[in-house]
Amino acid sequence: TGYQRRVHGDLVEMSKRRPNVVPIVADARNPKAYRMLVPMVDTIFMDVAQPDQARILALNAKYYLKVDGNFMISIKAPCIDSTVEASVVFALEVEKMKAELLKPKEQITLEPFERDHAVVIGVYRPTAKSKK
């Protein structure tokens, strides 16, 4: 859509001024496709509107995120399951993350700005040092 093209364009332009930002405007479900472009990273920010958002995050973390690396994921409850309460969807997604060595540290709902959206921030494969 036009909105997506503008947002992607904004991200690409911002990354030109910030060499530590690598924008990936690709299918996040296939991280092998962009493996040659992206080194191991300290942080992943993921904003995908897919029913398997937690799985996509875990897959990308396995390829790119350093041990003790940080992640931030925007969860859109209606994209995952519109038949249950958003809080239930958020809790289920957090459990999926935990099963994939992603340790959520904080969850923030985006109400009143975005209905049924939350951001989860955490650490990938935390070591004893990062658990403190």
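In which loop is Leu 101 found? Leu 101 lies in the loop between helix 4 and strand 3, and view 3 returns to this residue.

This is a predicted model, in which local features need pLDDT of at least 70, side-chain atom pairs count only at pLDDT 80 or more, and totals for chains, interfaces and linings use all residues. Residues are numbered from 1 along each chain as its sequence is written, and side-chain values use heavy atoms, with hydrogens and water left out.

**View 1. The protein as a whole.** The protein has five helices and four strands, in the order α-β-α-β-α-α-β-β-α along the sequence. Helices (H or I, at least four residues) and strands (E, at least two) are DSSP runs, numbered from the N terminus. The C-alpha atoms fill a box of roughly 45 × 40 × 25 Å, taken along the principal axes. Of the 132 residues, 32% count as buried; buried means under 20% relative accessible area, exposed over 50%, and partly exposed in between (1.4 Å probe, protein chains only).

**View 2. The largest nonpolar core.** This core has 28 residues, and those with the most contacts inside it include Met 46, Leu 57 and Phe 71. Strand 1 (41-46), helix 2 (53-64) and strand 2 (65-76) are among the elements that each supply at least two residues of the core. Helix 2 gives the most, with six residues. A nonpolar core is a set of buried Ala, Val, Leu, Ile, Met, Phe, Trp, Tyr and Cys residues joined through side-chain atoms within 4.5 Å. Not counting residues up to four places away in sequence, Met 46 touches eight residues by name: Ala 28, Gln 53, Ile 56, Leu 57, Asn 60, Met 72, Ile 73 and Ser 74. Contact means heavy atoms within 4.5 Å.

**View 3. Backbone geometry in two loops.** Most residues other than glycine have a negative phi, and most peptide bonds are trans. Leu 101, which is not a glycine, has a positive phi near 70 degrees. In the loop between strand 3 (102-109) and strand 4 sits Pro 112, which a cis peptide bond with omega of about 0 degrees joins to Glu 111. Asp 116 is found in the loop between strand 3 and strand 4, and its phi is positive, about 60 degrees.

**View 4. Ser 87 and Asp 116.** Ser 87 has its place in helix 4. Ser 87 counts as exposed because its relative accessibility is 51%. Asp 116 has a relative accessible area of 23%, so it is partly exposed. The two residues are 29 residues apart along the chain, and their C-alpha atoms are separated by 8.0 Å.
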